[in-house]
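Biologist: Hi, could you walk me through this one? I'd like to get a feel for how it is put together.

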Amino acid sequence: GCATPPPPVPAPPVAPTAPTQVPPPPQAPATPVEIAPAATPQATPAPPAPAAPVPPVAAPRYEKVTWPDLPGWGSDDQSETWPGWLRSCSALRQQRPWRRVCTESLNIPAGDTAAQLRFFETYFTPYRLANPDGSRTGLITGYYEPLLLGSRKRTARFRFPLHGPPPDLLAVDLAELNPELKDKRVRGRVVATPQGSKVVPYYPRAEITNGTAPVKGLEIAWVEDPVELFFLQVQGSKRIRLPDGTVMRVGYADHNGHPYRSIGRWLVDMGELTLDQASMQGIKAWVKRNPDRAAELLNQNPAYVFFREVPVTNADDGPAGSLGVPLTPGRSLAVDPRTIPLGAPVFLATTWPLSARPLQRLMVAQDTGSAIRGSVRGDFFWGFGPDAAEQAGRMKQPGSMWLLWPTGEALPGD
């Protein structure tokens, strides 16, 4: 995952920690009931009791629109998204909503942009996504696949470990306890008390890195820079070049369940950086100037990600996202799967990083991230290398999103 998990850039920080709750299906407003005054003979009638308050009605998550409502839809080069869409189909074609559209997509030539455009307009319906408060814009951040130098063994140079999931990490699906808590999952550990066993939150970042948590022996790799390791946890996947020249790829395996706290926001609040300086690049520069405060800074974020090694089948492919297929640079998007099912096409309208230049294109929802929470919330996969890192580190743009859903199929959650 990514993105899973946003990069730790300034406000508005999106905390993976207390996940944004997706509203329940909209309900009709309760009709106020006026209570008649009690009739007291030969007495002045009592004033009417106040009407029952009307509870707020959650805004619909999906608003059906037409294709011309999508800004830049007709000018996008669909052929750049097509390979990613076919990869989604390789994972989805046996599932009910996707069978027909994935079968039909096999008949479309790979380079025929016009035919691909007609395909989506024929077999899909666009729905604009909205937040619970009815707003239609949200935060679009970026992520990339970095390259770190590292080792499978600890050395004098490589001293900071990537851990696999610990055996005492417990994930509890609350829907199994209460159906109303669908899509709610908590993580913790079991401790013994005089009253019996109970579940408590898992160790925060500081207690994992200082050895309090039972993670010794779970190291899958070691790197030389704790700040780069922190950003690896934010990105969710990375390549590590080993001393013998080979490359290993690591990906998201699990996390400790603590909420994400933006270290960029902390630096701004402490007066260490201005808001426009609190990018990934600005944070790294601050740590270079203040190496003795690196641990203090990183521990402001209690969230911690555990990793797994991912087999490298094709070095040119992007890392595998949460859908289990390789990500496509510039066309894969990390989303909140409670609103956008993985594999679905999503049209995105935002701007290029630190710019007002429109960035409007068809994406495919193929990844998630612990910081990606909310109906209108996306993390744009920029790819691999220094250029991708530069774009991802600066991207914190407002944007709108449209879900493309197979026509005639029930919407997610229905």
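Biologist: How many bridges join strand β4 to strand β10, and do they run parallel or antiparallel?
Modeller: Happy to help, and bear in mind that this is a predicted model. Three bridges link β4 (residues 147-151) with β10 (residues 237-241), and the two strands run parallel. Within that pairing, leucine 148 sits opposite isoleucine 240 of β10.

Biologist: And in what sense does β4 pair with β9?
Modeller: β4 pairs with β9 (residues 219-223) in the antiparallel sense, over two bridges. Glycine 150 has valine 223 of β9 as its bridge partner.

Biologist: Let's switch to the inside. Which residues touch the most other members of the largest nonpolar core?
Modeller: Trp85, Phe124 and Met401 do, in a core of 69 residues. Phenylalanine 124 has contacts that include Trp67, Trp98, Pro345 and Trp405. Apart from that core lies another one of 13 residues, with Leu148, Leu232, Leu242 and Val305 among them.

Biologist: Now the outside. Which residues make the nonpolar surface patch of about 230 Å²?
Modeller: Leu147, Val247 and Phe384 make that patch. Valine 247 belongs to strand β11, which covers residues 247-255.

Biologist: Why does valine 247 count as partly exposed?
Modeller: Its relative accessible area is 36%, and partly exposed means between 20% and 50%, so valine 247 falls in that class.

Biologist: And the whole chain, how many helices and strands?
Modeller: Nine helices and 17 strands. Of its 414 residues, 50% count as buried. The chain exposes about 19,600 Å², with carbon and sulfur atoms supplying 54% of that area.

Note on methods: Residues are numbered from 1 along each chain as its sequence is written. This is a predicted model: local features need pLDDT of at least 70, side-chain atom pairs count only at pLDDT 80 or more; totals for chains, interfaces and linings use all residues. Side-chain values use heavy atoms; hydrogens and water are left out. Patches are made of residues with over 30% relative accessible area and no salt bridge: like charges are joined within 9 Å, nonpolar side chains (Val, Leu, Ile, Met, Phe, Trp, Tyr) within 5 Å. Accessible areas come from the Shrake-Rupley method with a 1.4 Å probe; for residues, only the protein chains shown count as cover. A salt bridge is a side-chain nitrogen of Lys or Arg within 4 Å of a carboxyl oxygen of Asp or Glu. Helices (H or I, at least four residues) and strands (E, at least two) are DSSP runs, numbered from the N terminus. Buried means under 20% relative accessible area, exposed over 50%, partly exposed in between (1.4 Å probe, protein chains only). A nonpolar core is a set of buried Ala, Val, Leu, Ile, Met, Phe, Trp, Tyr and Cys residues joined through side-chain atoms within 4.5 Å. Contact means heavy atoms within 4.5 Å. Two strands pair if DSSP finds at least two bridges between them. Lists of a residue's contacts leave out its neighbours within four places in sequence.
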